[in-house]
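Student: I should like to go through this structure by asking, for each term applied to it, what justifies that term.

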Amino acid sequence: MTALTLADGRFDDSGHLVLFENISRDLLHKGYSINPFALPLGLAENLLEHLQQMPEVAFSAAGVGRQQDYSLNGFVRSNQIAWIEGNSDAGAQWLQWVKGLQTYLNRRLFLGLFSFESHFAHYASGDFYKRHVDAFKGQANRVISLIVYLNRDWNPADGGELVIYQDSTDWEGIRVTPAFGTVVAFISEDFPHEVLPARRDRYSIAGWYRLNGSQPDRIDPPN
Ligand SMILES: O=C(O)CCC(=O)C(=O)O
Ligand SMILES: [Fe+2]
C-alpha cells in the first residue's frame, strides 16, 4: 500500500486516516488542530462548485446566541450563512466525511459525539465575526467546532484570518489563513476566536459536533 499524504486523505498503512489521527492527537494534547490543505481535494472542489452555484437567496444573515436569545447583531458578526442539510451531492458528501471523523473521534477520544450541524458561510469584503466562544461552559452541547475553508489563492492582504485564542486572557492568538482545503477543529467551549475583516469574498463551512442533549420533554437538536 502506498503511504498517505495529508493532502489526499487516503488510508495509510495502518488503515487509519492520517488527517483524522492528526486531529484526534491535536485535540487531545492541545485542544485545537490546524491542518493546511488537508480536506480531500475532490470534496473541497465539489463543495466550492456547489457554493458557487447557490443562489444569493439561499443565504441569510447569521444570528448570534442560542434559541431564546437568538438575535441578529451586526456588531458581533456580519456574514451570511446557509445551513447544510445534505440534499445536494456536495452537501451529502460533506456530511459523510464529517460522519467518518465523528466515528474516529468517538473511538479514539471516547467523546460521545452524537450529531452535527453545519452551514456554509460567506463573508463579503468588510465582513467579520468578533471574538466569541461557540459554546458556554456547563450548558455546552456543542463540543467540537470544525471549520474548513474554500478560498483559492488567498493572500495575506486579503485579511479574513481566523484568530484562535488559548484562553480568556490571551489577546494575541494564533492566526489561521482561510486558504483552500484548510481544516480547523477545536474544543468549542475552550477557545475564544474571531474572524478578522475580510477584504474579498471569503467562503467557509463552520460546523459543530454535539452531544445528545435530549430529555423526555425536549428533543435535541431543536429545529
Ligand atoms: O470562519 C471562521 O473562520 C470561523 C467562524 C466562526 O467562528 C463561527 O461560525 O462560529
Ligand atoms: Fe465561532
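**Terms and their grounds**

Student: With which residues is Ala 121 in contact, leaving aside its neighbours within four places in sequence?

Tutor: Ala 121 is in contact with Asn 79, Ile 81, Ser 204 and Ala 206, once its neighbours within four places in sequence are left aside. Each of these pairs has C-beta atoms within 7 Å, the cut-off for a contact. Please keep in mind throughout that this is a predicted model.

Student: What makes Ala 121 buried or exposed?

Tutor: The count of other C-beta atoms within 10 Å of its own decides the matter, and for Ala 121 that count is 24. A residue is buried at 20 or more, so Ala 121 is buried. Ala 121 lies in strand 4 and is one of the residues surrounding ligand 1.

Student: Why is Arg 199 called partly exposed?

Tutor: Arg 199 has 15 C-beta neighbours inside 10 Å. Exposed residues have 12 or fewer and buried ones 20 or more; the value of 15 falls in between, so Arg 199 counts as partly exposed. Arg 199 is located in the loop between strand 10 and strand 11. Beyond four places in sequence, Arg 199 touches Ser 125, Ala 157, Asp 158, Gly 159 and Gly 160.

Student: How do you know that strand 9 is largely enclosed by the rest of the structure?

Tutor: Strand 9 has five residues, and four of them are buried; therefore the strand is described as largely enclosed. In the protein chain of 223 residues, 32% count as buried. Ala 185 is among the residues with the most contacts inside the largest nonpolar core. Not counting residues up to four places away in sequence, Ala 185 touches Ile 23, Leu 27, Tyr 32, Ser 33, Ile 144, Ser 145 and Leu 146. Helix 1 (residues 18-29) lies across strand 1 and strand 9 (183-187), at about 145° to strand 1.

Student: What makes strand 9 a partner of strand 1 and of strand 6?

Tutor: Two strands pair when at least two bridges are found between them. Strand 1 and strand 9 have four bridges, and strand 6 (residues 142-149) and strand 9 have five, so both cases satisfy the criterion. Both pairings are antiparallel. Tyr 32 has Phe 186 as its bridge partner in strand 9, and Ile 144 has Ile 187 there.

Student: Which strands stand at the edges of the sheet of seven, and why is one side of each left without a neighbour?

Tutor: The seven strands form an open sheet with antiparallel pairing, in the order 1-9-6-11-4-3-2. Strand 1 (32-35) and strand 2 (60-61) each have a single partner strand, so one side of each lacks a neighbour in the sheet. Within this order, nine bridges join strand 4 to strand 11, with His 122 opposite Tyr 203. Strand 3 (residues 80-83) and strand 4 (residues 115-123) are joined by four bridges; here Ala 82 stands opposite Phe 120 and Trp 83 opposite His 119.

Student: Which strands stand at the edges of the sheet of four, and what makes them edge strands?

Tutor: This open sheet has the order 5-10-7-8, again with antiparallel pairing. Strand 5 (129-132) and strand 8 (174-176) each have a single partner strand, so one side of each is without a neighbour in the sheet. The twist from one strand to the next averages 15°. Strand 7 (residues 162-164) and strand 8 are joined by three bridges, and Leu 162 has Val 176 as its bridge partner.

Student: How many residues of each class make up the shell around ligand 1?

Tutor: The shell consists of Ala 121, Tyr 129, Asp 134, Ile 147, Leu 162, His 193, Val 195, Ser 204 and Ala 206. Six of its residues are nonpolar, two polar and one charged. Asp counts as charged, so Asp 134 is the charged member. Strand 10 (193-195) and strand 11 (202-210) each supply at least two residues of this shell.

Student: What makes a set of residues the largest nonpolar core here, and how many residues has it?

Tutor: A nonpolar core consists of buried nonpolar residues joined through C-beta atoms within 7 Å. The largest such set has 43 residues, and those with the most contacts inside it include Leu 47, Ile 147, Val 148 and Ile 205. In soluble globular proteins, nonpolar side chains tend to be buried together.

Terms used: Residues numbered from 1 in each chain as written. Chains lettered and ligands numbered in written order. Predicted model: local features only at pLDDT ≥ 70, side-chain atom pairs only at ≥ 80, totals over all residues. Contact = placed C-beta atoms within 7 Å. Axes fitted to C-alpha atoms, helices over the stretch in contact; angles between N-to-C directions. Near = placed C-beta within 6 Å.
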